[in-house]
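Please look over the structure below before reading my notes. The points are meant to be checked one at a time against the model.

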Amino acid sequence: MSTIALKCECGAVQGRALNITPQSGNRVACCCSDCQAFVDYLGRRAVVLDAHGGTEIYQTSQSQVKIDTGHDHVKSLKLSPKGLVRWYADCCNTPIANTMSAGLPFMGVFHSFTDIEDRKKTLGPIRAYCQIQDAIGTVTHPKAHKKFPLGITGRILRQIVTWKIQGKNTPSPFYDEDGKPVSEPDILNA
Ligand SMILES: [Zn+2]
Ligand SMILES: [Zn+2]
């Protein structure tokens, strides 16, 4: 099991992801227009996205992620009222993670917030390269899929149920005991 160092680009926000193994979560890449819009809003396309507009995400549980420094810089937004809550560091506009809500243990940590020497060894191979209908150019990744493939969706749903039973939605770095977000999300397309 690994503890992964988490860090925004300027280093003001730092944290850790605990008890991570290639089996403990899902390493995926997402090319969807929402993930691209989020990174564009932060002005970080050139740094964060790959050549196809993809973002690499590690899906894990909220209680495995700790923020140790720079709490004041942790902000959030939603692209629409119903969408994912997207967390970022406002010191340097580094994308941090996505959450669904306080009650669901799910968290998708952006690669831009991780400091990992060997991603494949630590997180395992990319399980799916998703949402290529929104990708730039022709994607040749062997795990390329339109939308999210059922296998990965089923796997993450099963993990969310297990994590929920284990109480892994708390403690969360982004929600207090009452489920209130540490920073109220701005809604971009209200
Ligand atoms: Zn920063
Ligand atoms: Zn996406």
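The notes cover how the model was made, the overall fold, two metal sites and one serine.

1. This is a predicted model, in which local features need pLDDT of at least 70, side-chain atom pairs count only at pLDDT 80 or more, and totals for chains, interfaces and linings use all residues. Residues are numbered from 1 along each chain as its sequence is written, chains are lettered from A and ligands numbered from 1 in the order in which they are written, and side-chain values use heavy atoms, with hydrogens and water left out.

2. The chain has four helices and twelve strands; helices (H or I, at least four residues) and strands (E, at least two) are DSSP runs, numbered from the N terminus. Along the principal axes, its C-alpha atoms fill a box of roughly 45 × 35 × 35 Å.

3. The radius of gyration of the chain is 15 Å, which agrees with the value near 16 Å for a compact globule of 190 residues. The radius is taken over C-alpha atoms, and the globule rule is 2.2 Å times the number of residues to the power 0.38. Of the 190 residues, 49% count as buried. Buried means under 20% relative accessible area, exposed over 50%, and partly exposed in between (1.4 Å probe, protein chains only).

4. The zinc ion (ligand 1) has as protein donors the SG atoms of Cys 8, Cys 10, Cys 91 and Cys 92, at 2.3 to 2.4 Å. Donors are N, O and S atoms within 2.8 Å of the metal (3.2 Å for Na, K and Ca); water is not among the atoms, so sites may look incomplete. The spacing of these donors along the chain is C-x1-C-x80-C-C.

5. Is Cys 8 buried or exposed? Cys 8 counts as buried because its relative accessibility is 1%, whereas Cys 10, at 46%, counts as partly exposed.

6. For the zinc ion (ligand 2), the protein donors are the SG atoms of Cys 30, Cys 32 and Cys 35, at 2.2 to 2.3 Å. Their spacing in sequence is C-x1-C-x2-C. Both Cys 30 and Cys 32 are buried.

7. Ser 112 sits in the loop between β9 (106–110) and β10 (114–115). Ser 112 counts as buried because its relative accessible area is 19%. Beyond its neighbours within four places in sequence, Ser 112 is in contact (heavy atoms within 4.5 Å) with Lys 7, Val 48, Thr 94 and Pro 95.
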